[in-house]
Amino acid sequence: MGSSHSSIDVQANVQTVLENIERATMKAGRPKNSVRLVAVSKTVGVESIRQAMAAGVTDLGENKVQEASSKRPLLSEQHVAWHLIGALQKNKANRAAEIFDWIESLDDLELASKLQHACERLNKQMPVLVQVNVGREASKSGIAEEGAVEFVRRVSVCTHLQVRGLMAIPPYTENPEDARRYFIRLRETAQRIASHKLPHISMGELSMGMSHDYSAAIEEGATLVRVGTAIFGPRDNP
Ligand SMILES: *Cc1c(COP(=O)(O)O)cnc(C)c1O
């Protein structure tokens with residue numbers, strides 16, 4: 001689960017990120033507390049995660065079911081919401097439904113159906129975000145923008161999945177300003193879906209922005225930012 005980087009001051013980093021979030025929120029003229037920090041703790045050990053929680057982190061992002069599954073019991077003393085932000089294999093849908101509080105990476109109807117059944121058995125309502133491949137990259141997960149309305153329409157019949165919005169991982173750009181157009185595209189896709197007024201569908205959440213571009217993402221409407229490196233330092237194996 002990665003070595004502990006003793007030179008990294010996790011608490012100070014969380015404070016800095018929270019201040020930057022507040023600054024970007026104000027700059028955008030958005031209400032205070034309209035953006036939530038999801039601290040991306042993949043590969044990070046539980047001691048560092050505890051420090052982040054002590055500094056005010058309330059949401060954790062993990063990209064692997066197995067890893068989250070082994071960490072969650074070790075961090076059960078405090079309440080924290082666990083977000084799945086990575087690709088989910090269908091054979092792990094049951095476990096994912098048990099341990100996650102949010103699924104941010106829904107991009108497959110068969111997977112939606114598996115999660116629906118798992119959540120039904122658990123009698124659990126699962127908030128989900130639909131992942132959109134805004135950069136149209138063959139290597140990336142996510143549905144195509146033009147199929148988004150139809151996809152959400154089909155997920156809307158899953159009574160135990162609450163679609164709350166969209167998530168995207170834009171192509172990496174050196175300059176955060178270059179990511180802005182992708183953030184705008186995600187926001188516009190959400191607006192387009194919302195205009196269809198599908199039953200049980202909300203488009204209130206936009207999960208976009210990572211360590212190097214979360215301020216730009218907030219200016220473009222992010223409500224969830226997923227920040228790893230800026231809190232925990234560089235990962236051994238990304
Ligand atoms: C790893 C990861 C992040 C965090 O990236 P950083 O650049 O370390 O902030 C955000 N989102 C997803 C989906 C990730 O896999």
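Which hand, right or left, does the crossing of α6 and α7 have? The exercises below work this out and then turn to the strands; the model is predicted.

**Exercise 1.** Describe how helix α6 and helix α7 pack.

*Solution.*
1. Locate the helices: α6 covers residues 148-155 and α7 covers residues 180-195.
2. Compare the axes. They come within 10 Å and cross at roughly 55°.
3. Classify the angle. Because roughly parallel requires an angle under 35 degrees and roughly perpendicular begins at 65, α6 is oblique to α7.
4. Assign the hand: the crossing of α6 and α7 is right-handed.
5. List the contact residues. Helix α6 contributes A148, V149 and V152, and helix α7 contributes T189, R192 and I193.

**Exercise 2.** Determine how strand β3 is joined to β2, and by what route the chain passes between them.

*Solution.*
1. Strand β2 spans residues 59-62 and runs parallel to β3, with four bridges joining the two.
2. Within this pairing, L84 of β3 lies opposite E62.
3. From β2 the chain passes through helix α3 (residues 65-71) to reach β3, a β-α-β crossover that is right-handed.

**Exercise 3.** Repeat the analysis for β3 and β4, then state whether the faces of β3 are covered or uncovered.

*Solution.*
1. Two bridges connect β3 with β4 (residues 102-106), and these strands are parallel.
2. H83 has W102 of β4 as its bridge partner.
3. The route from β3 to β4 goes through helix α4 (residues 93-99), and this β-α-β crossover is right-handed.
4. Inspect the faces of β3 (residues 81-84): A81 and H83 are buried on one side, W82 and L84 are buried on the other, and both faces are covered.

Definitions and conventions: Residues are numbered from 1 along each chain as its sequence is written. This is a predicted model: local features need pLDDT of at least 70, side-chain atom pairs count only at pLDDT 80 or more; totals for chains, interfaces and linings use all residues. Side-chain values use heavy atoms; hydrogens and water are left out. Buried means under 20% relative accessible area, exposed over 50%, partly exposed in between (1.4 Å probe, protein chains only). Two strands pair if DSSP finds at least two bridges between them. A crossover is right-handed if, with the strands pointing away from the viewer, the path from the first strand over the helix to the second runs clockwise. Axes are lines fitted to C-alpha atoms, for helices over the stretch in contact, and angles run from 0 to 180 degrees between N-to-C directions. Angles under 35 degrees count as roughly parallel, over 145 as roughly antiparallel, 65 to 115 as roughly perpendicular and the rest as oblique. A crossing is left-handed if the near helix is turned anticlockwise from the far one by less than a right angle, and right-handed if clockwise. Contact means heavy atoms within 4.5 Å.
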